[in-house]
Amino acid sequence: MKQFLSINDVPDVSELVHQALTVKRNPDAWKELGLYKTLGMIFMNPSLRTRLSTQKAGNSLGMNVMVMNVAQDGWNLETGDGVVMDGDAQEHIREAARVISQYCDIIALRSFARLKNQEEDRSEAFLTRFVDEATVPVINMESATGHPLQALADLMTIEEHRSTTAPRVVLTWAPHPRALPQAVPNSFAQWVGKSDAELIITHPEGYTLDPEFTAGAAFEPDQNRALEGADFVYAKNWSSTTPYGEVLSRDRDWMITEEKMSLTNQGKFMHCLPVRRNVIVTDEVLDSPTSIVIEQAANREFATQAVLKRVLEWIG
Amino acid sequence: MKQFLSINDVPDVSELVHQALTVKRNPDAWKELGLYKTLGMIFMNPSLRTRLSTQKAGNSLGMNVMVMNVAQDGWNLETGDGVVMDGDAQEHIREAARVISQYCDIIALRSFARLKNQEEDRSEAFLTRFVDEATVPVINMESATGHPLQALADLMTIEEHRSTTAPRVVLTWAPHPRALPQAVPNSFAQWVGKSDAELIITHPEGYTLDPEFTAGAAFEPDQNRALEGADFVYAKNWSSTTPYGEVLSRDRDWMITEEKMSLTNQGKFMHCLPVRRNVIVTDEVLDSPTSIVIEQAANREFATQAVLKRVLEWIG
Amino acid sequence: MKQFLSINDVPDVSELVHQALTVKRNPDAWKELGLYKTLGMIFMNPSLRTRLSTQKAGNSLGMNVMVMNVAQDGWNLETGDGVVMDGDAQEHIREAARVISQYCDIIALRSFARLKNQEEDRSEAFLTRFVDEATVPVINMESATGHPLQALADLMTIEEHRSTTAPRVVLTWAPHPRALPQAVPNSFAQWVGKSDAELIITHPEGYTLDPEFTAGAAFEPDQNRALEGADFVYAKNWSSTTPYGEVLSRDRDWMITEEKMSLTNQGKFMHCLPVRRNVIVTDEVLDSPTSIVIEQAANREFATQAVLKRVLEWIG
């Protein structure tokens with residue numbers, strides 16, 4: 001695998017899910033594969049789980065890991081072409097990406113959607129430009145429109161818990177006080193769409209996800225109806241898409257409760273974390289055995305390790 | 001040792017002190033004990049010495065070390081139960097502790113007293129909750145009421161410098177412009193209380209330490225009288241306890257000077273650092289051979305290495 | 001090499017340049033030299049390239065590397081003697097340097113010029129005091145007046161690209177919106193002065209560099225005339241020296257353009273990065289094959305690795 005920006009870099013999703021589960025069973029089996037290789041983790045935005053799981057994954061493969069919180073250092077990168085750089089930005093992404101490439105064998109990059117301009121975010125301007133300039137493989141640790149490492153961990157978790165060939169998976173919007181990116185639901189929908197599962201998406205008006213990511217999914221505006229017979233309930237907030245990047249609804253009726261879970265087929269509750277308790281989901285659901293959110297988070301490590309392993313094998 | 005939260009996790013204080021001194025004599029002797037194991041250092045508050053000494057101790061045992069400055073990333077953790085999380089806190093400590101446990105074999109945690117509510121601090125609400133939720137051993141890098149790694153390093157230093165079986169040790173309050181936690185004096189009093197030393201505590205009115213930590217110690221309100229014949233003088237500021245968490249006194253008469261040291265039995269000067277010169281103690285004392293503060297700081301590394309070694313042995 | 005603070009620690013500049021080029025050809029050849037040794041990187045000011053290249057260099061020699069962003073943690077160090085420390089500074093540099101020395105085999109330190117007081121900066125008060133107090137070798141990752149690791153990388157790059165024994169090297173001031181330190185041009189002038197190259201410096205009035213660093217260089221006030229026949233053009237902004245530390249000129253006529261490069265002898269364009277495009281230099285120049293700025297940045301890693309190697313050999 002020469003890079004991991006999105007599902008488009010994955011020739012066979014099911015095979016990668018099974019590889020990641022193999023890595024999970026024996027994470028120490030490739031502990032010298034990355035010896036004397038360097039993973040540079042570049043964060044334009046803060047991170048807890050992605051940071052720790054990726055660093056752990058790199059270490060488990062024997063890699064040296066360097067972590068750089070660019071935003072904390074007040075390092076603003078210019079992405080425009082032809083700009084006279086006499087403002088806040090100290091460096092152009094062109095130099096930054098090429099220089100970081102000099103010191104790393106693989107670069108993992110996080111750069112969130114800015115939620116200001118839909119076209120800018122849709123174009124993945126930052127990630128794309130960084131990758132174009134970089135001279136080593138890049139791994140996406142969440143970009144403007146996608147979070148494929150999360151989606152891979154999610155599919156692993158579904159694979160571990162499903163009891164039928166084609167489980168019914170519901171992706172439901174849930175309320176949140178702030179405007180959040182669509183990266184997680186986008187990637188989840190896209191990756192589930194490549195699996196045997198049936199995907200139903202439910203959300204209030206104005207929250208329709210970009211159809212680029214939801215091909216094959218059914219839409220059901222009534223959350224309760226969507227939940228009927230669900231094997232997995234994936235709750236997540238995202239900001240509105242029409243208009244773009246706003247909090248149109250704070251409707252607590254969309255919060256996942258035990259009553260709602262009772263509509264499902266003994267469905268498992270999923271969330272990428274961090275989760276706001278009693279806003280996205282009640283304590284009762286999150287603290288019940290139906291919640292598999294901690295396993296999802298644990299699988300982040302092995303998903304990333306499997307991806308790094310593939311990229312290291314490609315580097316040779 | 002299955003965890004290291006306080007002296008209560010130490011069956012034999014004297015034996016641990018001697019183990020730590022053994023580690024100091026040969027720090028490379030266990031350099032493969034922690035191979036392929038991960039130490040996660042989580043800082044809710046900033047740190048210099050604890051950060052570097054703990055990272056070094058982990059490295060010396062062959063561990064991979066991941067450092068996370070949670071507060072710098074603006075990651076606020078909710079600790080209350082049943083809270084509707086629609087405010088600043090993005091994540092509940094319940095998820096955070098369980099998730100970090102997935103990526104680490106040992107977690108070292110720093111979370112200071114908030115000095116707002118005495119009962120909240122006394123209950124060690126944050127540390128206790130984190131430990132309850134964590135699924136791997138936790139090491140206390142300073143909590144609301146204690147700093148046991150510091151106290152272990154302090155006892156090592158006393159052991160190295162004492163000339164009598166039962167040295168006279170004086171813990172004296174000293175002035176400081178800010179309101180500081182009681183963690184260091186609490187643990188120092190508690191650990192010295194388990195040694196052969198005689199402990200005398202002196203401080204202005206309103207600064208009486210929680211008796212839970214000072215059992216067996218004598219109190220002497222007159223600093224000069226307390227210092228008479230002292231073999232070791234441990235100076236430290238802490239905020240008031242009645243009322244709680246305030247700066248009641250800035251009295252410079254409590255500063256440790258050469259004149260005051262002359263009252264002692266050629267006593268050694270100790271402080272956990274960082275120390276404010278000419279506020280806590282004069283330059284003359286700190287720069288004289290009676291000061292052993294740098295050795296105390298150096299012993300932090302070996303104290304932590306000894307503790308990590310014991311926890312690694314428990315993990316097996 | 002017992003330390004690396006400036007060119008004064010380098011007995012033979014040309015030999016060190018060639019050693020660094022040797023390291024570049026085979027960076028893995030000393031991968032066990034620093035095993036079980038610790039490099040502590042202490043940043044009083046933020047860094048991207050220096051941070052990553054130094055961490056990488058340490059890792060390539062097998063060292064454990066600890067990174068501390070002191071300023072981000074709000075850790076203010078007092079440097080004055082006899083000061084009553086009841087203000088912002090929590091710790092004196094005397095304790096900080098001695099304590100960090102306990103945990104590290106080599107300390108790499110960055111501390112910029114403050115540009116407030118010329119004498120304070122000229123005296124290298126912070127670096128000198130830190131080194132005086134430290135008990136292990138110190139490496140300068142940019143101090144008030146010098147950036148020798150950058151200069152070493154620059155000489156490596158010139159060595160790789162020169163076609164004559166004594167290339168004509170032009171150091172030219174270029175505009176920038178902020179007041180920047182003189183450390184990079186100082187060290188560049190000083191190091192080139194020890195090579196076979198001919199050095200010409202050009203800048204507007206008020207920007208004369210400290211003659212301590214520019215011995216042997218010619219000064220040419222007319223930038224175009226200076227550029228005539230140049231083999232290498234090193235552009236860099238620095239703040240004024242008379243008066244000290246100000247932005248006296250923002251004159252865009254000093255920006256390096258294709259037209260100006262056409263005056264040279266097919267000269268190569270150099271800059272230490274980060275560079276402000278279309279302020280210091282036009283896109284056309286920076287994106288042309290005459291620009292060797294990325295190679296300069298790449299050489300930072302090997303320059304630092306060569307220096308660390310020498311210091312490790314000295315430690316034994």
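Here are a few short exercises on this predicted model, each with a worked solution.

Some ground rules: residues are numbered from 1 along each chain as its sequence is written, and chains are lettered from A in the order in which they are written. Local features need pLDDT of at least 70 and side-chain atom pairs pLDDT 80 or more, while totals for chains, interfaces and linings use all residues, and side-chain values use heavy atoms, with hydrogens and water left out.

**Exercise 1. Work out how A:Phe188 and A:Tyr234 are arranged, and which parts of chain A they tie together.**

Step 1. Get the rule straight: rings of Phe, Tyr and Trp (its six-membered ring) pair if their centres lie within 6.5 Å, and planes under 30 degrees apart count as stacked, over 60 as edge-to-face and the rest as tilted.

Step 2. Apply the rule: the two rings sit 3.9 Å apart, centre to centre, with 25 degrees between the planes, and that makes a stacked pair.

Step 3. Place the residues. A:Phe188 is in helix 7 (residues 183-192) and A:Tyr234 in strand 10 (residues 232-236), so the pair links parts 46 residues apart in sequence. Helices (H or I, at least four residues) and strands (E, at least two) are DSSP runs, numbered from the N terminus.

Step 4. Check burial, where buried means under 20% relative accessible area, exposed over 50%, and partly exposed in between (1.4 Å probe, protein chains only). A:Phe188 comes out at 0%, hence buried, and A:Tyr234 is also buried at 0%.

**Exercise 2. Find out what A:Glu142 pairs with, and whether that pair is buried or exposed.**

Step 1. Use the salt-bridge rule: a side-chain nitrogen of Lys or Arg within 4 Å of a carboxyl oxygen of Asp or Glu.

Step 2. The partner is A:Arg110, with the closest N and O atoms 3.6 Å apart.

Step 3. A:Glu142 lies in the loop between strand 6 (138-140) and helix 6 (148-161), and A:Arg110 in strand 5 (residues 106-110), so this bridge ties together parts 32 residues apart in sequence.

Step 4. A:Glu142 is buried at 9% relative accessible area, and A:Arg110 is buried at 6%.

**Exercise 3. Describe how chain A meets chain B: how many residues take part, and how much area is buried?**

Step 1. Count the contacts (heavy atoms within 4.5 Å): 30 residues come from chain A and 29 residues from chain B.

Step 2. Look at buried area, the accessible area (1.4 Å probe) that two parts lose on being put together, summed over both. Chains A and B bury about 2900 Å², 55% of it on carbon and sulfur atoms. On the chain A side, A:Leu48, A:Leu52 and A:Arg277 lose the most area to chain B, together 21% of what that side buries.

Step 3. Tally the salt bridges: four cross this interface.

**Exercise 4. Locate the A:Arg277 and A:Asp287 bridges to chain B.**

Step 1. A:Arg277 reaches B:Glu95, with the closest N and O atoms 2.7 Å apart. A:Arg277 is in the loop between strand 11 (268-270) and helix 11 of chain A, and B:Glu95 is in helix 3 (residues 93-103) of chain B, so this pair joins two chains. A:Arg277 is buried at 3%, and B:Glu95 is buried at 0%.

Step 2. A:Asp287 bridges to B:Arg94 at 2.8 Å, running from the loop between helix 11 and helix 12 of chain A to helix 3 of chain B. Here A:Asp287 is partly exposed at 37%, whereas B:Arg94 is buried at 17%.
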